[in-house]
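Please load the model in your viewer and keep the selection panel at hand. The tour proceeds by selections, each followed by a description of what is found there.

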Amino acid sequence: MSQDVSFVADAMKQAVPYVKTTGIEFEEVSAGRVVASLPDTPTLHNHIGGPHAAMMFGLGESASGAVVMAAFAAHLGKATPLAVRADIAYKKIAMGPMRAEAVLGRSADEVLAELESGTRPEFPVTITITNAEGVTTGEMTVVWTLKPAR
């Protein structure tokens, strides 16, 4: 039986004010994959009329955080997820609403086993950012860790 992670979309809006401020929505949430979207809002545009690079990065990082929250929801009392590093490649000029698909790069069980063994695990989340036509405008990887609770 899969874990109910329906709370993640609302939790992200409560825990991360940036998500609410920018209007990011979570369209699909599971323990291994999240799809988030950013509306086409003029106040978030760059000098050519599309979403600013920071908005694309923020959308991707927020989607990655949501998949981490979903994957490790039952264990958040034992460890705090933290982003370690991130890399983004801007592939095409982005215009209009954006969509980010974030996928957990290692199994949650494998990461948790590493945590339980006393090692602070690191694991990637890969993100593909697309426009309304489905064209890839950015690719990202965010590496996360689980910091053991004290």
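A residue counts as buried when its relative accessible area is under 20%, as exposed when that area is over 50%, and as partly exposed in between. The model shown here is predicted.

**The aromatic pair**

Select Phe123 to begin. With 0% relative accessibility, Phe123 falls under the 20% limit and therefore counts as buried. Next, add Phe72, which is likewise buried, at a relative accessible area of 1%. The structure contains 1 aromatic pair. Phe72 and Phe123 form this tilted pair, with 5.2 Å from centre to centre and 50° between the planes. Phe72 sits in the loop between α3 (53-71) and β3, whereas Phe123 belongs to strand β5 (residues 122-131), so the pair ties together parts that are 51 residues apart in sequence.

**Salt bridges**

How many salt bridges does a search of the whole structure find? The search finds 10; three of these are visited here.

Select Lys13 and Glu25, whose side chains form a salt bridge with an N to O distance of 2.9 Å. Lys13 is in helix α1 (residues 8-15) and Glu25 in strand β1 (residues 25-29), so this contact ties together parts 12 residues apart in sequence. Lys13 is partly exposed, at 22% relative accessible area, and Glu25 is partly exposed as well, at 39%.

Move on to Glu122 and Arg85, a salt bridge in which the closest N and O atoms are 3.3 Å apart. Glu122 lies in strand β5 and Arg85 in strand β3, so that distant parts of the chain, 37 residues apart, are linked. Relative accessible areas of 37% for Glu122 and 46% for Arg85 place both residues in the partly exposed class.

Now select Glu101 and Arg33, whose side chains meet in a salt bridge at 2.4 Å, N to O. This pair links strand β4, which holds Glu101, to strand β2 (residues 33-38), which holds Arg33, across 68 residues. Glu101 is partly exposed at 26% relative accessibility, and Arg33 at 27%. Extend the selection to Glu27, Glu28 and Arg99: together with Arg33 and Glu101, these residues are joined into one network by salt bridges that share partners.

**A nonpolar surface patch**

Finally, select Ile48, Ile93 and Met95, which make a nonpolar surface patch of about 290 Å². Met95 is located in the loop between β3 (79-90) and β4 (98-104). Is Met95 buried or partly exposed? Its relative accessible area is 40%, and Met95 is accordingly partly exposed.

Conventions. Residues numbered from 1 in each chain as written. Predicted model: local features only at pLDDT ≥ 70, side-chain atom pairs only at ≥ 80, totals over all residues. Heavy atoms only, no water. Patch = residues over 30% accessible without salt bridge, like charges linked within 9 Å, V, L, I, M, F, W, Y side chains within 5 Å. Areas by Shrake-Rupley, 256 points an atom, 1.4 Å probe, with all protein chains shown as cover. Salt bridge = Lys/Arg side-chain N within 4 Å of Asp/Glu carboxyl O. Helix = DSSP H or I, 4+ residues; strand = E, 2+ residues; numbered from the N terminus. Buried < 20%, exposed > 50% of the residue type's maximum accessible area, 1.4 Å probe, protein only. Phe/Tyr/Trp six-rings, centres within 6.5 Å; stacked < 30°, edge-to-face > 60°.
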